[in-house]
Amino acid sequence: MHLGTFNLADLLVSLWRGVMDHDVDDPPSSWPWAVLTGDIWETHGKDVASATPFLPGSFDRPPRNIAEKINSGYKAWEWLLYLYGMAPALLYGILPEPYYSHFCMLVWGMRIMQQHHICSDDLKIAGSFFESFVQKFETLYYQRKVGRLHFCRQSIHALLHLAPEATRIGPPICSSQWTMERTIGNLGEEIRQPSNPYANLSQRGLLRSQVNALTAMIPELGPPAPSLPRGAIDLGEGYALLRAQDRYGRLMQPQEATALLRYLGSTALSGSRSVTWSPKIIRWARLRLPNGQVARSRWKESLKPLRKLRTARNVKFIDNVGITHFGEVLYYFRCRRQDTLLTLAVLSVYSEPDPELLAASHGTFISCRYLGDSSTQVIDVRHIKAVVAMVPHTLEKHGDGEEHRYLIERPGLDVVRLGGFEDVIQ
């Protein structure tokens, strides 16, 4: 927890801002990596804060304006989302090479280590990136200068132990301080004897341990699974349709009907008839996923002002051949094909990620072009795997009128699910 957030963030951001202690003959003005200064730093902070409406509620607390709040109790979760979610995109074109690609090595490795399930190949990649990061850190920043020896903190060396220790004690996320911090907070909320708080706290801890032991021995004593709200439809496998829904059927738009025909593989409707075919459907606004997130839709989210929104309609889905794509959900609906009732989602699919940005960032800066209704596609809702954030951004290489968005995935989502996380579904 502290290594990946407070410790590394304090070191790297201090270096990029040029506020590290230094010798008189080694001023920050001579550091090529000290770029987050003056107006650039102020603009950078505003870019961080402006991403808030595009981060789903399931991402928890969004990072605040880092230029204004960095000394005002910036939380570990804010550092996590900023450093490993936003920074690869926001620092592109600002942090020069080779410092940018060097930082992206750290991001890629930490994204792997934040998961609960890590395959051996990914663990090897993470270990290799950490080794390269540590070695190049000394070459790029420390440069074997005695006056910069304090740049090489313990947090840099500790990265070398993350991957090897994962094979011994499991993924770091399961043994990190997050669980203990959460437990301390929960037990502190249960104190009801201000005159004798420590004795009260110890009794609450004892009671918690006893309840946990009983629940482990007799699972039936555990809390019941949360029930679905009124009007919801359980689709099985952890999926559920949630209201709102249309009161009456509505005609599909032409591009939506065409996408439905493509999905169904229908050849019965052809020629002029296929152009005018537009079935009536009843739209649904939300879909609960097996990971506890709730994927929403443009249909309802577009009715709210952006300042009051935490956009949750962008999803990651897998096609029939196992390739991952990203799209914006327009709405969900159900239709019958012969004797089978299908539950489908209508999406506006994003373009493939920019290969140049992927290569420059070691795959950490995923930028896609928003294609709107011209890329409408229909998929089975069970192909949707997670809710993601797609944050608008603009680079000099982008053409006029083009809209591009960069991807942020929620760190450690499968770990959160272990703790009983459920997105708001009321």
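What follows is a walk through the overall build of this chain, two helix packings, one buried glutamate and a few paired strands.

The model is a predicted one. Its protein chain has 14 helices and 14 strands. Taken along the principal axes, the C-alpha atoms fill a box of roughly 80 × 60 × 40 Å. Of the 426 residues in the chain, 45% count as buried. Looking at contacts with a separation of 6 or more, 65% of them come from residues 24 or more positions apart.

Helix α7 (residues 154–169) is a handy place to start on the helices, with α5 as one of its packing partners. Helix α5 (residues 99–113) packs on α7 at an angle of about 30°, and the two axes are 11 Å apart. With angles under 35 degrees counting as roughly parallel, that angle makes α5 roughly parallel to α7. The crossing of α5 past α7 is left-handed. On the α5 side, the contact is made by L106, M110 and M113, and these meet L159, L162, A163 and A166 of α7. In terms of chemistry, the contact between α5 and α7 divides into 7 nonpolar residues, with no polar and no charged ones.

Helix α1 (residues 3–17) also packs with α7, here at an angle of about 140° and with the axes 10 Å apart. Again the crossing is left-handed, with α1 passing α7. From α1, the residues involved are L3, N7, L8 and L11, while α7 brings in S155, I156, A158, L159 and L162. This contact of α1 with α7 splits into 7 nonpolar and 2 polar residues, with no charged ones. Two residues of α7 turn up in both packings: L159 and L162 are listed for the contact with α5 and for the contact with α1.

Now for a charged side chain in a covered spot. E78 is found in helix α4, which spans residues 76–90. E78 counts as buried because its relative accessibility is 0%, and the cut-off for that label is under 20%. Setting aside neighbours within four places in sequence, E78 is in contact with R61, P62, P63, R64 and G73. Along the chain, E78 and F6 are 72 residues apart, yet their C-alpha atoms are separated by 9.9 Å.

Turning to the strands, β10, β14 and β13 line up in that order in an open sheet of 3 strands, with antiparallel pairing. The edges are taken by β10 (367–369) and β13; each has a single partner strand, so one side of each is left without a neighbour in the sheet. On average, and with direction ignored, neighbouring strands here are turned by 40° against each other. The β10–β14 pairing is antiparallel and runs over 3 bridges, with S367 matched to Y406 in β14. On the other side of the pairing scheme, β13 (residues 389–393) is an edge strand, and β14 (residues 404–408) is joined to β13 by 5 antiparallel bridges. One of the matched pairs puts P392 against R405 of β14. Edge or not, β13 is mostly covered, with 4 of its 5 residues buried.

Strand β11 (residues 376–380) is mostly covered too: 4 of its 5 residues are buried. Its antiparallel partner is β9 (residues 340–349), and 5 bridges join the two. Within β11, Q377 is the residue that stands opposite L347.

Note on methods. Residues are numbered from 1 along each chain as its sequence is written. This is a predicted model: local features need pLDDT of at least 70, side-chain atom pairs count only at pLDDT 80 or more; totals for chains, interfaces and linings use all residues. Side-chain values use heavy atoms; hydrogens and water are left out. Axes are lines fitted to C-alpha atoms, for helices over the stretch in contact, and angles run from 0 to 180 degrees between N-to-C directions. Angles under 35 degrees count as roughly parallel, over 145 as roughly antiparallel, 65 to 115 as roughly perpendicular and the rest as oblique. A crossing is left-handed if the near helix is turned anticlockwise from the far one by less than a right angle, and right-handed if clockwise. Contact means heavy atoms within 4.5 Å. Ala, Val, Leu, Ile, Met, Phe, Trp, Tyr, Cys and Pro count as nonpolar, Asp, Glu, Lys and Arg as charged, and the others, Gly among them, as polar. Buried means under 20% relative accessible area, exposed over 50%, partly exposed in between (1.4 Å probe, protein chains only). Two strands pair if DSSP finds at least two bridges between them.
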